[in-house]
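Please open the structure in a viewer and keep the selection tool at hand. The tour below proceeds stop by stop, stating what to select and what is found there.

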Amino acid sequence: MITFLIGFMGCGKTTLCKALHQTTGIPVADLDELIEQRAGCSIREYWNRHGEPAFRELEKDTLRRVADTEGDLIVACGGGTPCFGDNMEIMNNNGRTIWLDASLDVLFSRLKMAREQRPLIASMDDEGLRLYISRETLRRHPFYSRAHHRFDSGHLENQQQINQSTEQFINLFLR
């Protein structure tokens, strides 16, 4: 079965995905990386060259290809993936969707430390970042809340927490 991990940037999709793979051996995929492979450039470059509508079509087509995968797979989706077109329906109809949910404070703390690696928020000051997170999580809530399950991903700050969260996730969804 395909397990789609969705949630806001910084919620821990990549961290949990890697830990789940290491613990279970289940193959994993990062939707953004698959999009970049198909595009032959970074998402940022593709977006700048072709615009958002073209990017969203490529994202949807890549998601459909992943959704057709046979066997077990855990997919870390981009934070905006569920919010466009019928992407939530594609995921819900072709696998299990799990919303990784973390508090605004946790998201702020994680994104503040990783700001330089994320072009969308790199130029924001702390106040702007906090406002952006608050506004966007509220806007995306109706999409994320359509996931089959919700998982508290607020405890991925060190290896012990990652191990505990991974084990909890496995017990809840993969056994």
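Which residue lies over the face of phenylalanine 84? Select phenylalanine 84 together with arginine 56: arginine 56 is placed over the ring face, at 3.6 Å from the ring centre. Please bear in mind throughout that this is a predicted model. A second arrangement of this kind can be displayed by selecting phenylalanine 108 and arginine 130, where arginine 130 lies over the ring face at 3.9 Å from the ring centre.

**Aromatic pairs**

The model holds six aromatic pairs. One of them is formed by phenylalanine 8 and tyrosine 132; the pair is tilted, with 6.1 Å from centre to centre and 50° between the planes. This pair links distant parts of the chain, 124 residues apart: phenylalanine 8 belongs to the loop between β1 (2–6) and α1 (13–24), and tyrosine 132 to helix α6 (residues 126–144). Phenylalanine 8 counts as buried because its relative accessibility is 3%. Tyrosine 132 is likewise buried, at 7% relative accessibility. Next, select Phe151, Phe169 and Phe173, which ring pairs link into a cluster.

**The nonpolar core**

In soluble globular proteins, nonpolar side chains tend to be buried together. The largest nonpolar core of this model has 52 residues, of which Phe4, Ile6, Phe8, Val75, Leu100 and Phe169 touch the most other members. Helix α3 (residues 43–67) gives the most to this core, contributing seven residues.

Centre the view on isoleucine 6. Leaving out residues up to four places away in sequence, isoleucine 6 touches Cys11, Lys13, Cys77, Pro82, Met88, Met91, Ile98, Trp99, Leu100, Tyr144 and Ala147.

**Helices α3 and α4**

Now display helix α4 (residues 87–94), in which Asn87, Met88, Ile90, Met91 and Asn92 are buried. These buried residues pack against β1, α3, β4 (96–101) and α6. How do the axes of α3 and α4 cross, and within what distance do they come? The axes cross at roughly 5° and come within 10 Å. Angles under 35 degrees count as roughly parallel, so α3 is roughly parallel to α4. To see the contact, select Glu59, Lys60, Leu63, Arg64 and Ala67 of α3 with Asn87, Ile90, Met91 and Asn94 of α4.

**Helices α1 and α7**

Move to α1 and helix α7 (residues 159–174), which pack at an angle of about 75° with their axes 10 Å apart. This makes α1 roughly perpendicular to α7. On α1 the contact is made by Thr15, Leu16, Ala19, Leu20, Thr23 and Thr24, and on α7 by Ile162, Thr166, Phe169, Ile170 and Leu174.

**Leucine 156 and asparagine 48**

Is leucine 156 buried or exposed? Leucine 156, in the loop between β5 (149–152) and α7, is buried, with a relative accessible area of 10%. Apart from neighbours within four places in sequence, leucine 156 is in contact with Cys11, Gly12, Thr15, Leu16, Arg110, Gln161, Ile162 and Ser165. The C-alpha atoms of leucine 156 and threonine 166 are separated by 9.1 Å, the two residues being 10 residues apart along the chain.

For the final stop, select asparagine 48 in helix α3. Asparagine 48 counts as exposed because its relative accessibility is 61%. Draw a distance from its C-alpha atom to that of glutamine 168: the two residues are 40 Å apart in space and 120 residues apart in sequence.

Note on methods. Residues numbered from 1 in each chain as written. Predicted model: local features only at pLDDT ≥ 70, side-chain atom pairs only at ≥ 80, totals over all residues. Heavy atoms only, no water. Phe/Tyr/Trp six-rings, centres within 6.5 Å; stacked < 30°, edge-to-face > 60°. Helix = DSSP H or I, 4+ residues; strand = E, 2+ residues; numbered from the N terminus. Buried < 20%, exposed > 50% of the residue type's maximum accessible area, 1.4 Å probe, protein only. Lys NZ or Arg CZ within 6 Å of the ring centre and 35° of its normal. Core = buried A, V, L, I, M, F, W, Y, C linked by side-chain atoms within 4.5 Å. Contact = heavy atoms within 4.5 Å. Axes fitted to C-alpha atoms, helices over the stretch in contact; angles between N-to-C directions. Parallel < 35°, antiparallel > 145°, perpendicular 65-115°, else oblique.
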